[in-house]
Amino acid sequence: MVSRRQTQVIGLVMSIIVLVLLIWLPHHNGSTNTLRWAQVLYIGVAAMGLNLLTGYNGQVSIGHGAFFGVGAYTSALLMHNHGWSFLPTLLVAAPLCFLVGVLVGFPALRVKGLYLALVTLGLAVLFPDLTKKYVHATGGTNLVSLNRGELSPPAWVPTSVSAIGRDDQWAYYVCLGAAVVLVIAALLIVRSRFGRALIAVRDHESAAASVGINAARVKVMAFALSALYAGIAGSCSVLVTHLANAEKVQTFQLSIEFLVALVIGGTATVVGPLLGAWLVVTLQHWISDTLPQHVGSLGPLKRVLGDPAASPALFGIMLILFVFVLPDGVVGGFRRAWARFVRNRNQTPHHAPAPLAT
Amino acid sequence: MSLFLTQLMNGIGNGAVYASLALALVLIFRTTGILNFAQGEMALYSTYLFWYFTDRGLPVVVAILAAMALSFIGGALVERVVIRPVEHSSPLVLVIVTIGLFLALNSIVQVQFGSDIKTNLPRAYPKHTWRPGNVQISADTLVLVGMLAVVCVLLYLLFQRTKIGLAMRAVASSSESARLSGVPVGQMLMFGWGLAAALGALAGVLVIPQIGLQASSMQSILVFSFAAAALGGFDSPVGAVVGGLIVGVAEALTTQYVHALNGIVLIVPFGLILGVLMVRPQGLFGRRTVERV
Amino acid sequence: MSVLLEVSELRASYGAVRVLHGLDFVVNEGEAVVILGANGAGKTTTLRALSGMVETSGHVHFDGHSIVGSRSEQISRIGIAHVPQGRGTIVDLTVAENLRIGAYRRRDREVAADIERWYDVFPKLEARADQQAGNLSGGEQQMLAIARALMSRPKLVLLDEPSLGLAPIVTQELFRTLGELNHTEGLSMLIVEQNANLALGIGSRGYVLETGSIVVSGTTDELAGDDGVRRAYLGV
């Protein structure tokens, strides 16, 4: 028999194993790999935030790259122009993104579904223009690039315990810390009264209103929280990439990456977005770094697959194939398989797969 | 005053392009209920085909027709191969699939045709500017507006006067009832996507020679076209045309007169969308609010 | 009388849920056959299975064709017209356009004449020929749905709860018309109906469906005389 409790225990044990592995990771990996994992973590954080909005509350946004950018610029500018160290900048960036989220969330109340996706697309497209107009950094452009001194960790951080530099190690552990705190926060949010309200509003707004849920407040709050997650992710990204920048393509692509991580990981699941972020980052690096080294024997295909411009094509095609095979994401597919396994073990078909978000 | 009229004409010319692409978006939305984020990139691919044909020495008009015909086939195939397997999936999956298509097409053109900007696109008509009074009217504007008018008339005739048009409207309204009446729904959906792709191709080959052909050529045009479709209502072809013209004119006048918005003119389409949606969520001419996605 | 539709071992399911558990029934040429049953008995699913709209297994022979596994539009083409439950009209098209869609598969030159003919049968439709179907009353929409189905010149019409949501007087008029079509034109029908009184009135034979299986069958007179049927479906 596999009981619900056992399932929970298995989940907890696996989380601890994964966490220990992640803490140990920089000792095993070089700088490049460690920073790649840091990237997985911050994209995962942004995708988790988007999940609160899209997965649990049913509002689709394709503009969260903008909130990510607000976080990144806030931290980068405070560090670059005002000499702040990283951690205090979070105390400004997080509330600021929350506030911007509230501001965007209010008009979003009147705009539903498809139109909301469009309006949020506006965020992604406008944000780079806004930074170009109002941020004048390196050579008058909107690129804020940070030097070693500005990025160095505070004095209390011990010297590097692993093979990689103290800066990179610091960047990684900051991302890991943010991810752990925000995963726990997401778990608490999802299981709280507010979490149930999110789902109730998603599934049936008028019915939710009839049992006393203030649907408008819930939706604005969902927007603000997801913006906060994306903003913190953006702040963390500065430590990894050493810059804040907003190009049109890049901001749009980031917004899409969050959504993709969410969908291929599994909407309305807490770990799904993190898994999805890992898949997205790994897949992209595999396509752009690993694959070209192995196509030498493919003859005419070499020219096509070896071309760096081809990686988005492969990414796009894989994305489409992925949702053909696992439309409810990795976690959804795993849940179905697990439910089947549990059912077979118990010989009683009462564990229906958990309902998945639309 | 003449400056104002000149800008107005420019706006109308651009608006005609937005309107054409918005019509393609509406066509696909009405038949399959999908917001096609790849519409602009499909038109981009078509324009590269056009460039390829003319580069090989085909006459301009033949190249346009060939690009449109191939785009029609390509659009129909996209519906059958990429969209059909997920047509009943969650809206999020549909967004992901069309975005996957966007990324794929955008990079395929670079691999296939090179990522350099193509400046040697032949024009289908001579460059000319008329100056009645002090108002400047370019041949571009006239051609684009004329193209839009012809497209509108042809679409009207197709949908109101032909059997296949009637069947497409039936599928858009209720695919189940249409199917029960013996209408081959799948073929109609392919036809709709093909038509939209051909329409996008026409808009692309006419506008891109003015701005230069590269991988990012269609992206801001697509954004303005989305604004046009949302403004007019996603289920309304008339709305798409009116919305396109409004967005084009608003863009031109803002660029000219509102210096505070220099560099952030994209605020205009999104401001318009947001403003209209606050008052009338289904758009100016739409009847249904869009609940999908 | 020759057999027009012969169904044996018909099973149908929605995903993992099986709804029909092996039905056997026939419709002869010129017959009006009724299927009675409570909500959820599988009546609508039976018709949807015949039209290829749900996952189906078993044997269905219609007019020399085996149709299990065929697509809806192919089944429509060989002469089965289906009037779905609840206003199967295409609401954005006008009344006249709905009728023309009904004749989508026809290549002959008598479509216009047929439209006139159904206008004669349903005069209310002619008065509203250029109005959008969505603006019609419930009864008019039901008439339009039936007329559209008949425009394909079917050999068999499947009618799913034609009385649903209509006022009693409208329903009676509709069933009178259906009865006439059956008697005078020899149009074969398979009618699913909750209103057993009405259905037994125009049918010649019937089947009673319970949770996906046929439990009673016979002529309509026999069914009307059956105690179980009377208690369950006729309210006496």
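Begin with chain B as a whole, shown as a C-alpha trace: in this predicted model, the radius of gyration of the chain is 19 Å, which agrees with the value near 19 Å that a compact globule of 293 residues would have. If you then orient the trace along its principal axes, the C-alpha atoms of chain B fill a box of roughly 60 × 50 × 35 Å.

Next, colour chain B by secondary structure, which brings out 11 helices and two strands. Followed from the N terminus, the elements of chain B run α-α-α-α-β-β-α-α-α-α-α-α-α, so that the strand pair in this order is preceded by four helices and followed by seven.

Now select helix H11 of chain B, residues 267–279, and place a distance between its end C-alpha atoms: they are 18 Å apart, in agreement with the 18 Å that 13 residues should span at 1.5 Å a residue. Which residues of H11(B) are buried? Show the side chains of Val268(B), Pro269(B), Phe270(B), Ile273(B), Val276(B) and Leu277(B), which are the buried residues of this helix.

Return to the whole of chain B and switch on its surface, where the accessible area comes to about 10,700 Å², with 66% of it belonging to carbon and sulfur atoms. Of the 293 residues of chain B, 60% count as buried. With contacts displayed between residues at least 6 apart in sequence, 74% of those in chain B join residues at least 24 apart.

Finally, select the charged residues of chain B, which carry 16 positive and 10 negative charges, and compare the mean positions of the two sets, which lie 8 Å apart.

Definitions and conventions: Residues numbered from 1 in each chain as written. Chains lettered and ligands numbered in written order. Predicted model: local features only at pLDDT ≥ 70, side-chain atom pairs only at ≥ 80, totals over all residues. Heavy atoms only, no water. Rg over C-alpha atoms; globule rule 2.2 N^0.38 Å. Buried < 20%, exposed > 50% of the residue type's maximum accessible area, 1.4 Å probe, protein only. Contact = heavy atoms within 4.5 Å. Areas by Shrake-Rupley, 256 points an atom, 1.4 Å probe, with all protein chains shown as cover. Lys, Arg positive; Asp, Glu negative; His and termini not counted. Charge placed at Lys NZ, Arg CZ, Asp CG, Glu CD. Expected span 1.5 Å × (residues − 1).
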